[in-house]
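Biologist: Please take a close look at one part of this model, the metal site, and then set it in the context of what surrounds it. I would like a connected account rather than a list.

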Amino acid sequence: MSILIKGGTVVTAEQEMRADVYCEDGVIKAVGENLEAPAGAEVVDAGGQYVMPGGIDPHTHMQLPFMGTVASEDFETGTAAAMAGGTTMIIDFVIPNPQQRIMEAWNTWNEWAEKSCADYSFHVAITWWDESVHADMGTLVNEHGVNSFKHFMAYKNAIMADDEVLYNSFTRALELGAIPTCHAENGELVFQLQRKLMDMGMTGPEAHPLSRPPAAEGEAANRAIRLAEVIGVPIYLVHVSTKDALDEISRARSEGHRVFGEVLAGHLVLDDSVYQHPDFDTAAAHVMSPPFRPKGHQEALWKGLQSGNLQTTATDHCCFCADQKAAGKDDFTKIPNGTAGVEDRMAVIWNEGVNTGRMTPSEFVALTSTNTAKIFNIHPRKGTIAVGADADIVVWDPAGTKTISAKTHHQRIDFNIFEGMEVKGIPSHTISQGVVTYKEGDLRAVRGAGRYVKRPAFQPMFHALEKIAKANVPTPVKR
Ligand code: URQ
Ligand code: ZN
Ligand code: ZN
C-alpha cells in the first residue's frame, strides 16, 4: 500500500515547507519537492493545504464504566470519530477499581480496545496501593510499554488516591522511569461542598461548579507538584482548567521543575454559564470535572499555551447521553461526569488558536500532536512528518468550513458542547498507517485496524533529580 501526498505545505513543530510526502507500508518513506508516484500509488492532491502529523489526543475514556453507567462511545466508534476530525491516535486510561488487581484491569481494557480503528495507548490509573500494585507497575513498564501512571485526586469513595497512594506511586514511577499524571482537584473538599449544597437544597447542575471551585484545583495542583518535587519525579497535570492551577505550574517550571500541563479544547472556549441553562439536559450535558470555569480562566489558559507553560491539548472524551445524565435529575452529584470532543478538538483549536493569531500552524502541530509524542516518549515515531515516522497524517484545508453539530458529528453521543460553532480550517483527508481513512466527509475507518502503541520508559537522565537528591543527603550529625 503506497500513497503520495502532493502539492501541500508540510507543517511540523519545527518548520513549514512546500513538500510532497510519500508513504509505503504505513511508514513515511520520502519528504521532498516534486516526488513521483510509483505505479499503483494512491495520489492525494494537497494543493493549497497543510500536511501535518495526525493529532494525538492524550486523554480519552472510551466505554468507561463510571458513576453507575458506561460511557456511550466505545473504542471503535471513538477512534473512527477521532479520525473524522484529524486525530490519528488516542491515549486512553486503564482504571482499576480500588482493590482490583491492576493486571486484571489491564487485560480488560486491552480486550475492549482491540476493535479500535486507529492507534492507541494507555495510561494506567493507580487507585489504591499494596505490594501487588508495586509489582504490577513494574510489569507494565518493563513488559507492556506503559510509561505513565494516572492519579485521581478527586472522586472520594470511588477512585480517589490519597497522599499515601500518591507518595508510593510517584516513588515507584521514579524507580521505573515512568511519569505520574494527575487529575488535580481536592476530592475531600469537593465531597464536603457537594454535601453542603445538597443539604441547602441545591440539587441541580448549576451546583456542580459551586462544588468544585478553582481553589480546589489550585490546591491539588500545588500538592501534586510539591510531592513530585520532593520525590524528584516529573509530573503531568491533566485537564488544567484554572488560572489557579496554571499559576502553580508556571511557578514550578520557573524554578526548574519538570512539570507538564494539558488543557482541554472545552476549557479553552466554554465558561460556567452553561450550567445556568434552564433546560436540565443541556446543563447536565456540560457536567464534567473539572467544570467549565468563570470567564477569565479561558484566556489565562490560552496564555498558558502561548507561553509554553501548558504543553498539550486533549478532550477527556467521555460520553454520556441524556438518558444517562438523567440519573442526576434530583441530585447533581449523580450526573455522570463527562463530555465529548475527540472529533472537534483540532478544528476548535485551529479556529480559536491559529485563525485568531494566538498560534502559528507549527505551534498548532506542537500542541495537538508533537508535544504529547515527546512527553510520552513516542516521538519521532509519532507526532511528526519525517522519513521513518508512522504515516499518520492529516491534510488540513485552511479554507474549509463547517458548523459543528451533534446532528452531523460521528461521535456516539446525543449532544455536542461546541454545538453551532462555525469553524474555518478542517481536515480534508486523514491518513492512518498510510491508508486514507477519512476523505471529505467519507469516513472509511476499519474496525480493529488500530494498534496498541508501546511507550518506552524514560532513561535515567529524565530522573536526574533523584541522583542529585541522593548526592545531597546530609551526613548524620555525630552526638
Ligand atoms: O475525571 C475524568 O477525567 C474522567 C472520569 C472523565 N470525566 C470527567 O468529568 N472529566
Ligand atoms: Zn479527570
Ligand atoms: Zn479523564
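Modeller: Four donors count as tetrahedral if all angles lie between 85 and 135 degrees, and a four-donor arrangement that meets neither this rule nor the square planar one is irregular. With that in mind, and remembering that this is a predicted model, one can begin with the zinc ion (ligand 3), whose four donor atoms make angles of 86 to 131°, so that its site is tetrahedral. The protein donors here are H59 through NE2, H61 through NE2 and D316 through OD, at 2.0 to 2.3 Å from the ion. Along the chain these donors follow the spacing H-x1-H-x254-D, and both H59 and H61 are buried.

The zinc ion (ligand 2) lies 3.5 Å from the zinc ion (ligand 3). The protein donors of the zinc ion (ligand 2) are H183, through ND1, and H239, through NE2, lying 2.1 Å from it. The angles among the four donor atoms of this ion run from 57 to 145°, and the site is therefore irregular. The pair of histidines links distant parts of the chain, since H183 belongs to strand 14 (residues 179-183) while H239 sits in the loop between strand 15 (235-237) and helix 7 (243-254), 56 residues apart. H183 and H239 are both buried, and for H239 the relative accessible area is 2%. The backbone of H239 also deserves attention, as its phi is near 25°, a positive value in a residue other than glycine.

Another residue with positive phi is N34, where the angle is near 55°. N34 is found in the loop between strand 5 (27-32) and strand 6 (42-45), and at 59% relative accessibility N34 counts as exposed, whereas H239 is buried.

Turning from the metals to open space, the largest pocket holds about 720 Å³, and of the 38 residues that line this pocket, the closest to its centre are F66, M67, Y155, A158 and I159. Strand 9 (65-66), strand 13 (148-152) and helix 5 (187-199) each supply at least two residues of the lining, with helix 5 giving the most, namely six. By class, the lining has 18 nonpolar, 14 polar and six charged residues.

The cysteines can be treated briefly, as the count of disulfides comes to zero. The sulfur of C117 is too far from any other cysteine sulfur to bond, because the closest, in C319, is 15 Å away, and C117 counts as buried at 4% relative accessibility. C319 is likewise in no disulfide, the nearest cysteine sulfur being that of C318 at 7.1 Å, and C319 counts as buried at 0% relative accessibility.

Some backbone and loop features remain. The peptide bond from S289 to P290 is cis, with omega near -5°, and P290 is found in the loop between helix 9 (280-285) and helix 10 (297-307). The bond from H379 to P380 is cis as well, with omega near 10°, and P380 has its place in the loop between helix 13 (361-375) and strand 18. F418 lies in the loop between strand 18 (393-403) and strand 19 (422-432) and is buried, with a relative accessible area of 4%. The C-alpha atom of F418 is 8.0 Å from that of D344, although their positions lie 74 residues apart in the chain numbering.

Key: Residues numbered from 1 in each chain as written. Chains lettered and ligands numbered in written order. Predicted model: local features only at pLDDT ≥ 70, side-chain atom pairs only at ≥ 80, totals over all residues. Heavy atoms only, no water. Donors = N, O, S within 2.8 Å, 3.2 Å for Na, K, Ca; no water. Tetrahedral: all angles 85-135°; square planar, octahedral: opposite > 155°, others 65-115°. Helix = DSSP H or I, 4+ residues; strand = E, 2+ residues; numbered from the N terminus. Buried < 20%, exposed > 50% of the residue type's maximum accessible area, 1.4 Å probe, protein only. 1 Å grid on protein atoms, 1.4 Å probe; cavity = no way out; pocket = protein on both sides within 12 Å on 5 of 7 lines; lining within 4 Å. Points joined across faces, edges and corners; volume = space filled by probe spheres on them. Nonpolar A, V, L, I, M, F, W, Y, C, P; charged D, E, K, R; others polar. Disulfide = S-S within 2.5 Å.
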